[in-house]
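User: I've got a chain loaded and would like to talk through its strands and cysteines. Could you take my questions one at a time?

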Amino acid sequence: HAPCMARFVTADGTFEALSSVAATVKSNRLTQNSNVKGPGDGSTCRGEFKELASNNRDPCTAKGGWKAVVGNPDSWQCPVDNPATTGARMADGLGCSPDGGVFVSAYGTADGRTKEGLSAEVVGLQPMMYYNISFYQANAGIAGGYIGQAGYTTSRFRQDPGSTAQWQVRFGGMSQYSTGMNYLGEGKQVWQQETLIFRARSKTETLQFIGHNPHSLYKNYPKDYYAMALDGVSISCYFDTPAVENPFPP
């Protein structure tokens, strides 16, 4: 059989290309960095993903080859260990995925009005063929701590243990959701590997990851936050030929 030619155009699925800008305990102890752009990636990004809808221009491209679809995703060096009393305290206590090194995260609100996501271009595809999208995910959580800081007057910038979040993954005109994961609390988070099967429509497709909550997390606090982590993204061929059984039977 012909070898599988599916690959990212420029994206680094391990996110290690962001090691020079990823937040660390030493460099960014109190809050997330909103930074997935590396040195030499152009001046329009200003160190962050920029939301396309707000400026009517192409999203900036991170050093790792990813683009923003919404919001300002963050990059982190694992393990994250910053039990601070101020700052967002996002992903506090989150250890390394099996992929190790750098991971990215996206946060959002339970009502879906605020969310973050990123995308990458995939080439070498055969139309109507099926592909595995594999990745590691974790419910990173937000321990809270913006109380009383300028611009943050609510005490609800936090995620309570037991709340659920997941990734919405889009590819080839299809949209699927990863397994919902509960936030287990600071220092208790776990990573798990997910594999979703998609069918390509053309030789080139866009792969998107957008943070999502599967249901209303808090009936009384619809603007409460969640944070999902992502690492080790890869793509592989599910079939060698289009004649193999359809993985999505009617």
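**Strands and disulfides**

Analyst: Let's begin with strand S11 (residues 205-212): six of its eight residues are buried, so the rest of the structure largely encloses this strand. Bear in mind that this is a predicted model.

User: Which strand is joined to S11 by six bridges?

Analyst: Start from a residue pair: Leu118 has Phe209 as its bridge partner in S11. The strand on the other side covers residues 117-123 and runs antiparallel to S11, with six bridges between them. That strand is S5.

User: And which residue of S11 is the bridge partner of Gln166?

Analyst: Here we look at strand S7 (residues 164-171), which is antiparallel to S11 and joined to it by five bridges. Within S11, Gln166 has as its bridge partner His212.

User: Is Gln208 buried or exposed?

Analyst: Gln208 sits in strand S11. Setting aside neighbours within four places in sequence, Gln208 is in contact with Val69, Leu118, Ser119, Gln168, Val169 and Arg170. Its relative accessibility is 18%, and the cut-off for buried is under 20%. So Gln208 counts as buried.

User: Moving on to the open sheet of five strands, which strands stand at its edges?

Analyst: The strand order is S3-S4-S12-S6-S10, with antiparallel pairing. The edge strands each have a single partner strand, so one side of each lacks a neighbour in the sheet. Those are S3 and S10 (192-199).

User: By how many degrees are neighbouring strands of this sheet turned against each other on average?

Analyst: We're still on the open sheet of five strands. With direction ignored, the average turn between neighbouring strands is 40°.

User: How many bridges join S6 to S10?

Analyst: One residue pair to look at is Tyr136, which stands opposite Gln193 in S10. Strand S6 spans residues 130-139 and runs antiparallel to S10. The number of bridges joining S6 to S10 is eight.

User: Now the cysteines. What pattern do the disulfides of the chain follow?

Analyst: The count comes to two disulfides. One joins Cys4 to Cys237, with an S to S distance of 2.0 Å. In the other, Cys78 and Cys96 have their sulfur atoms 2.1 Å apart. Counting bonded cysteines along the chain, the pattern is 1-4, 2-3.

User: How many residues apart are Cys4 and Cys237?

Analyst: A disulfide joins Cys4 to Cys237. This pair links distant parts of the chain, with Cys4 in the segment before strand S1 (7-8) and Cys237 in strand S12 (residues 225-237). Their separation is 233 residues.

User: What is the handedness of the disulfide of Cys4 and Cys237, given its S-S torsion?

Analyst: The two ends first: Cys4 counts as partly exposed at 35% relative accessibility, and Cys237 counts as partly exposed at 23%. The torsion about their S-S bond is about 85°, so this disulfide is right-handed.

User: For the disulfide of Cys78 and Cys96, what is the torsion about the S-S bond?

Analyst: Cys78 and Cys96 form a disulfide. Both cysteines lie in the loop between strand S3 (74-77) and strand S4 (102-109), 18 residues apart. This disulfide is right-handed, because its S-S torsion is about 100°.

User: Last one: is Cys78 buried or exposed?

Analyst: Its disulfide partner is Cys96, which counts as partly exposed at 39% relative accessibility. For Cys78 the relative accessibility is 14%, so Cys78 counts as buried.

Technical notes:
Residues numbered from 1 in each chain as written. Predicted model: local features only at pLDDT ≥ 70, side-chain atom pairs only at ≥ 80, totals over all residues. Heavy atoms only, no water. Disulfide = S-S within 2.5 Å. Helix = DSSP H or I, 4+ residues; strand = E, 2+ residues; numbered from the N terminus. Buried < 20%, exposed > 50% of the residue type's maximum accessible area, 1.4 Å probe, protein only. Pairing = 2+ DSSP bridges. Axes fitted to C-alpha atoms, helices over the stretch in contact; angles between N-to-C directions. Contact = heavy atoms within 4.5 Å.
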